[in-house]
Each structure stands twice: as structure tokens, then as C-alpha cells.
Amino acid sequence: MSGLSAENLGLKGIANVYHNLSYDELLEHELNNKEGTLASSGAMMIDTGKFTGRSPKDKYFVQQSPSQEHISWGDINKPVAAEIFDELYADVTEYLSGKDIYVTDGYAGSSEKIQKSVRFITEFAWQSHFVKNMFIRPEDAQVENFSPDFRVYTASHLSNEKWEKHGLNSEVFVIFNIEKNVAIIGGTQYAGEMKKGIFTMMNYWLPLQGILSMHCSANVGKKGDVALFFGLSGTGKTTLSTDAERELIGDDEHGWDDEGVFNFEGGCYAKTIDLSSASEPEIHAAIRRNALLENVVANAAGEVDFSDVSKTQNTRVSYPIDHIDNHRASLKAGIPRNIIFLSCDAFGVLPPVSKLTKEQAMYYFLSGYTAKVAGTERGIIEPVTAFSACFGEPFFPLHPTVYAQILGDKMEAHGVNAFLVNTGWVGGGYGVGKRMSIKGTRACINAILDGSINNSEFETVPFFQLHAPKTLAGVETQLLNPRNAWDDKASYDETAANLAGLFIKNFKKYTDGGSSFDFTKAGPQL
């Protein structure tokens, strides 16, 4: 039980408040509430209901000063009137009042200089479990004097029946009031809204202080060499940064200040589709007691079939970062030496690895390219391109060039290397070629991290002007220049030209209107 009052929580009344429960207590509540069942590994298994992913079209910011002057308004960062927020805030607090609720406190940011204290108010024990996994857990001495900088209210079963009158997208709502330091979530159980909601706020706060916020994973070698891995979902960001030979700083969200890189979180959130102990041993081993599995399928004995996607392709697991044996205890390290952009190119025209100039790094960072293939989303039957600025545009409230400018400045100041790695198809596109093996991609990553790739002789790949090594240990030589791996060279040229054209079309939004970010010469040419 908790000493928190209704007034402390902004509610009209409360029944039982379960505040900062231990993992054992959360497990007991989850089982007693019939919120989930145990897997044979000891992890808790829950279903997130109707929504098995985020609802990006239902995310809004209250349009008010001074934040409205900083936000890049559009289809991603949509405005909502303060009056509508106030009405829905009243609905949420009314809905949660009088109920048993779970309150969890955590920190975002392992750097004490920028650390934000966040209080989450939820109605399910498993959502409290998720938050406990994902954020930095306060020490016992910190709990007593915890004062939240920001609050998140999650009312999963409260739908907004007035959404059409309000001019919103649906009955689901995820709304941030920056001036009041509060977010409200309704109509969805999906806990990833809370995780990415705080990430979104960090992406608002930090760049205004000159600190780069990044959607990337990070690790550090025995010699202190730090690597950043940028990539959209499905490109291997979590998998490739989890390396038995390197300490994991974090798998998803980081900041970069004058001292170096620091994790925003205290846990990891990994996709589990086709997970196996052979291909991803560290992540597989992390699925044990205190881990939380979402929307997986298991037999009566609790044995999970990670290949079963009958509920969703987006099966996931959250776990405390200390479930990875070689994690970085401080959750921070020094200035990066290497930046790696990951793209799953389903068209098979990008090389497995290429070295980028600073200008090319800026171009591909702002492009944020990957491809979606059949089965990843409803309605997709053949590969489609996906461009997401900064490799995470839905989570960045400011204009993408704000983040790109800080990245470029830091790369130049510290002489950071940048590479583009294709974790997608080689020897042909989806349905013709084959996907690059994790072993082959690991060989590319290892060559970057140990510096041996810099000893290679490079050649320029047609259309994209990318510099690919002619030979690399652990990778078939004919795959390194993608055109060489295609049987039908004319088909390669046609496919590559088409993708290059899509890059050029997408990048026009950064050059129209006299933008200073005219890196078109560093991008594909036709």
C-alpha cells in the first residue's frame, strides 16, 4: 500500500493504491487479477487487447505557448486545443478515481544533469510491471523524496466517445500537455505508448539544451570505444547491439552531451518474432523471471512458440537491462567512435556495408530508410519503402533538421565514423534474393568496430554513390557490391534507379524553400 493521497495523484478519490511494488508483488497481483500467465521460462505473458502496437495517428500536443513555437506541426505532431485536453483530462481522472490503481515512479535519463522523474498512474499490474522494466528504477533512498517532473495517466478502457466532435482521429487518445507536464492515454492498453511518450518528451526537452536525443541502441568495447546503432523496427537495432564481446549501454533511446552517450531507460524492449537461442542468445536468455512477454503464443506447459504470429507480428518482450549479463551498469559511456545506420533493404540494391562521408551521413540520417515486406503489416503484399527522419520521426516533436544539425556538429567536432549497413536482401529483391544472414551482418559490424574495414579497398556503388569494401572477412565477396550479386544486371539497374528516385523525391522536403540542409549531392544520383 502507499501513503499517496487522492490529492497527490490528482484524483477525486482512491480505493487501494499500489505504489512501487516489487517484482514479486507485481507477479502476485498479475496472477490474482488474471492479467496473465507464466511462461515456462518464468516470464509473465500478457495480451495487450485490441491494440498490439502504438496508435501514432492518435497522438497530439496541446497547442499553446511557448511549446507551440518549437513543435514541428503536421501529420505526425498534431495539435489539439487546451479545452479539449482539459475535458479529456477530467474524464481520465474521473475514470481512475475510486479504483484500485498502480503507481510507479521512475527516471528517464541516466545523466543526472538532465534526468527527469516520471510518475505513471495505471489500472493494471502488468502495465506497472512494464514501466518498472523500462525506466530507471529509483534507489530506496530516492523513493521517499520522489517528486515527479512529469506524470502519465493511462486509462486503458476509457474510450473517447466524443472524438468526432473533438475533431480527433478515433476514440483512442495520447495527448501531451508540455506546459502542465502531464500526458493522458485512453482507449488502448498498449504499454509502448508510455515508453515512447516519455521518449517523445525527452526529444522535446534535450535539443533545446543543445543535447542530441537519439532513437538508437549503443554499446561499448573493452577499450572504451562506443558505437551507436540507428534503425527502424525490424532492422536489427536491438539484436546487433547486444553483443557478448561488448557492454550494452542500451537498446533504444539515448542522449549525447559533451561527456558522451547516456541511456534514457533502465530496460530493453525487443521484438521476439522468430527468436531463438542460436541466433540471439543474449536476448533469449533474458526472457526469465521479471521479464514481460506481450502477445506471444504458448502451449499448456507455457512453452512459447516465437514463430507463431497469429496474434500479431509485433510480439515483444520487456526486461530490466541487468538481464543482459554484459550490460553497462552506469548506463552511459564516452563519445562515440562509430555510428551505424541500419536499413532493411527489401529491394536488394544497397550494399551489405558502406562507409559514409559526413555529408552522406547527414543525408541518410534525414532519410531514415528501410523497407516493409509482406506480413509485417496488414495489406502489404510486396515490399514498400519507408522513410522516417532520424530513424524515428514519429517520436521527434521538433523539426528533423534540428536533430540532424546537432548530429553533424558532434560528428565533425569528434571525428566520428559513419556507416550504412543493409540487413535486408542481397542477390535480388524480396522473393528472388535472400536476406543477409545475421552471421554475415555481424561480420560487417565486427569489421567496423575493430577498425579492420578501414583497411579495405573501396569501390563506388552505382546510383547511390556509396563506398563499399571490395573484400571483407566473413562476407562473400560477390555480395559486397550488390550489382555483382544479381544474375540479371539490367534488372538490378532498373530496381536501383527506382529506389534512388524515391530517395530523391523524399529528400525534396529538406531542400525546397532554401533549406540549409541541401545534401542532395551526397545522396543517390540519376
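Student: In this predicted model, what makes a residue a contact of Phe-341, and which residues beyond four places in sequence are in contact with Phe-341?

Tutor: Contact requires heavy atoms within 4.5 Å, and, with its neighbours within four places in sequence set aside, Phe-341 meets Phe-230, Leu-356, Ala-361, Tyr-364, Phe-365, Phe-391, Phe-419, Leu-420 and Val-421 in this way. Phe-341 also belongs to the largest nonpolar core, which has 95 residues, and is named with Leu-228, Ile-339 and Phe-464 among the members that touch the most others. The largest share of this core, seven residues, is contributed by helix 7, residues 192-205.

Student: What makes the set that includes Val-17 and Phe-173 another core?

Tutor: A core is a set of buried residues of the listed kinds joined through side-chain atoms within 4.5 Å. The set of 24 residues that includes Val-17, Ala-155, Leu-158 and Phe-173 lies apart from the largest core, and is therefore counted as another core.

Student: Why is strand 18 called mostly covered?

Tutor: A residue is buried when its relative accessible area is under 20%, and in strand 18, residues 316-320, five of the five residues are buried, so the strand is described as mostly covered. Arg-316, Ser-318 and Pro-320 point one way, while Val-317 and Tyr-319 point the other way, and all are buried.

Student: How do you know that strand 16 and strand 17 each pair with strand 18?

Tutor: Pairing requires at least two bridges between two strands. Strand 16, residues 267-271, has five bridges to strand 18, in the antiparallel sense, and Cys-268 has Tyr-319 as its bridge partner there. Strand 17, residues 292-294, has three bridges to strand 18, also antiparallel, with Leu-293 partnered by Val-317. Five bridges and three bridges each satisfy the requirement, so both count as pairs.

Student: Why is Asn-295 called buried, and what is notable about its phi?

Tutor: Asn-295 has a relative accessibility of 2%, and because the limit for buried is under 20%, Asn-295 counts as buried. Asn-295 sits in the loop between strand 17 and strand 18, and has a positive phi of about 60° although it is not a glycine. Asp-274, in the loop between strand 16 and helix 9 (281-286), likewise has a positive phi, near 60°, in a residue other than glycine. Most residues other than glycine have a negative phi, which is why such values are pointed out.

Student: What makes the space lined by Tyr-23 and His-129 a cavity, and how many cavities of 30 Å³ or more are found?

Tutor: A cavity is a space where a 1.4 Å probe fits but cannot get out, and the search of the whole structure finds two cavities of 30 Å³ or more. The largest holds about 60 Å³, and residues including Tyr-23, Glu-30, His-129 and Arg-289 line it. Helix 2, residues 23-32, gives the most to this lining, with four residues, and by class the lining has seven nonpolar, three polar and two charged residues.

Student: Which residues line the second largest cavity, and which element gives the largest share?

Tutor: The second largest cavity has a volume of about 30 Å³, and its lining includes Val-152, Phe-176, Ile-185, Glu-193 and Ile-198. Helix 7 supplies the largest share of that lining, four residues, and the residues divide into seven nonpolar, one polar and one charged.

Terms used
Residues are numbered from 1 along each chain as its sequence is written. This is a predicted model: local features need pLDDT of at least 70, side-chain atom pairs count only at pLDDT 80 or more; totals for chains, interfaces and linings use all residues. Side-chain values use heavy atoms; hydrogens and water are left out. Buried means under 20% relative accessible area, exposed over 50%, partly exposed in between (1.4 Å probe, protein chains only). Helices (H or I, at least four residues) and strands (E, at least two) are DSSP runs, numbered from the N terminus. On a 1 Å grid over the protein atoms alone, a cavity is a set of points where a 1.4 Å probe fits but cannot get out, and a pocket is an open set with protein on both sides within 12 Å along at least five of seven lines; lining residues have an atom within 4 Å of a point. Grid points are joined across faces, edges and corners, and a volume is the space filled by probe spheres set on the points. Ala, Val, Leu, Ile, Met, Phe, Trp, Tyr, Cys and Pro count as nonpolar, Asp, Glu, Lys and Arg as charged, and the others, Gly among them, as polar.
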